[in-house]
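Here's a quick tour for someone who likes to see the geometry behind the cartoon. Have the model open and follow along.

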Amino acid sequence: MATQTTTNPASNSTRLQTYLSRTLLKPLEYALVLSNLPGVVQQGVDVPGSSGALTIRFHKPRRADAANVSTLTEGTPISSFSEVNFGYVDATLVQKGIAGKISDILQAVDIFNIMEVNKDRLGADIAKSVDDDTRAAIVSGLLNSDSLFEQFASVPADADGNQDGSDQFPLLAAKTNAQAKATRLEFLKAITTLRSNSVPQLPGGGYLCVTSPESMFDLRQDDAWLKAAQYSAADKLWKWANYQIDGCRFIETDNPFKEAAVYGTYNSAGTIYSNFVCGAGAWGCPSLKGSSRAGGKAVAPQVFIHDKADKSDPANQYTLLAMKILWVAKLLKTDLSGDVPYVVNVRTKSTYNG
């Protein structure tokens with residue numbers, strides 16, 4: 001007689017099954033930071049509910065000008081008067097949403113709480129969308145701006161005399177990864193640009209750089225960087241901040257804006273990375289304040305669960321889960337003469353080929 005095994009006789013296989021673990025493995029998660037950076041994102045800028053408005057206007061007064069101050073003559077009333085001009089920038093809220101539809105049978109037999117899993121993943125989808133929109137608003141808001149605020153690694157700041165990013169981008173695209181990799185010098189130029197243009201520093205002083213892991217790969221091998229970098233694991237203000245150098249803290253995101261051959265157009269296969277060196281209030285992410293109907297904040301979507309029978313589903317055969325937000329991301333550079341962005345986009349390539 002043959003030895004009985006899991007495969008002999010063949011009928012034994014009908015009694016074997018795959019055991020399904022009831023513990024979910026951790027999904028891949030993005031390190032999304034752009035819409036919720038303390039100090040960098042302008043705070044307290046939501047549109048009040050029932051205000052009759054979907055557009056919010058931000059104002060900024062002019063910078064100081066010593067030329068407005070004159071020497072007075074004793075006994076002679078002052079006769080020249082200074083004016084304070086304002087610039088503004090508008091941001092119009094946009095509604096975005098996502099929904100899932102789950103059958104009653106799946107909810108009844110699934111070994112997981114399928115509603116909670118969907119709620120978690122749909123929320124993650126919105127968070128990714130918010131981060132994508134924020135990075136796009138920053139990049140588009142800086143396109144063809146003064147070349148000081150759009151840097152292209154290893155490309156001169158003013159390559160053709162026009163300070164035009166669309167002319168400089170092809171020069172960067174033509175560089176090798178090694179020629180255009182991230183260096184301390186590239187970021188030092190951006191930090192200097194912010195300081196020399198009087199861009200407000202963040203709470204506690206200094207600036208913040210949101211950079212990609214690929215750019216940090218090269219920075220961490222830069223001798224000039226290694227000798228000066230300070231590890232700041234106790235940082236309580238910005239999550240994921242790893243290094244501080246030249247008055248700037250560096251924070252990584254694995255969702256960087258990437259370009260290939262087209263200037264200003266995101267390409268997931270692109271090898272040109274945008275790194276944002278930021279001052280205080282560089283961009284805003286306003287939403288509708290106090291809304292219980294139109295949508296939640298970017299960081300707190302409004303959630304709807306429809307799990308009751310109605311005319312469209314009389315037997316209650318499915319549950320609808322939906323989320324929505326009403327918000328916008330906007331680079332806060334006004335039309336005021338002499339105003340500048342509070343962020344520099346440093347474009348680099350990377351020698352990382354993992």
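The notes below go through the cores, a helix, an aromatic pair, a small sheet and some backbone oddities.

This is a predicted model, where local features need pLDDT of at least 70 and side-chain atom pairs count only at pLDDT 80 or more, while totals for chains, interfaces and linings use all residues. Residues are numbered from 1 along each chain as its sequence is written, and side-chain values use heavy atoms, with hydrogens and water left out. Helices (H or I, at least four residues) and strands (E, at least two) are DSSP runs, numbered from the N terminus.

**Nonpolar cores**

- A nonpolar core here is a set of buried Ala, Val, Leu, Ile, Met, Phe, Trp, Tyr and Cys residues joined through side-chain atoms within 4.5 Å; buried means under 20% relative accessible area, exposed over 50%, and partly exposed in between (1.4 Å probe, protein chains only).
- The largest such core has 54 residues, and those touching the most other members are Leu 37, Val 40, Phe 187, Phe 250, Val 277, Trp 283 and Val 343.
- Among the elements giving two or more residues to this core are α2 (114–142), α4, β10 (248–252) and β12 (272–278), and α2 gives the most, with nine residues.
- Take Val 40: leaving out residues up to four places away in sequence, its contacts (heavy atoms within 4.5 Å) include Leu 202, Leu 208, Cys 278 and Trp 283.
- Apart from the largest core lies another, of 11 residues, including Val 45, Phe 58, Ala 91 and Leu 93.

**Helix α4**

- Helix α4 (residues 184–196) has 13 residues, which should span 18 Å at 1.5 Å a residue, and its end C-alpha atoms are indeed 18 Å apart; the expected span is 1.5 Å times one less than the number of residues.
- Which residues of α4 are buried? They are Glu 186, Phe 187, Ala 190, Ile 191, Thr 193 and Leu 194.
- These buried residues sit on the same side of α4 because they cover an arc of only 155° around the axis, taken from the directions from the helix axis to the C-beta atoms.
- Leu 185 and Ser 196, on the other side of α4, are exposed.

**Aromatic pair**

- Rings of Phe, Tyr and Trp (its six-membered ring) pair if their centres lie within 6.5 Å; planes under 30 degrees apart count as stacked, over 60 as edge-to-face and the rest as tilted.
- The whole structure has four aromatic pairs, one of them Phe 187 with Phe 250: centres 5.3 Å apart and planes at 80°, so edge-to-face.
- Since Phe 187 is in helix α4 and Phe 250 in strand β10, the pair ties together parts 63 residues apart in sequence.
- Both rings belong to buried residues, with Phe 187 at 1% relative accessibility and Phe 250 at 2%.

**A small sheet**

- An open, mixed sheet is made of three strands in the order β1-β13-β17; strands pair if DSSP finds at least two bridges between them.
- β13 (residues 283–284) runs antiparallel to β17 over two bridges, with Gly 284 opposite Lys 330.

**Backbone oddities**

- Most residues other than glycine have a negative phi, and most peptide bonds are trans.
- Asn 8 and Pro 9 are joined by a cis peptide bond, with omega about -5°.
- Ser 154 has a positive phi of about 70° and is partly exposed, at 30% relative accessible area.
- Asn 316, in the loop between β15 (302–306) and β16, has a positive phi of about 55°.
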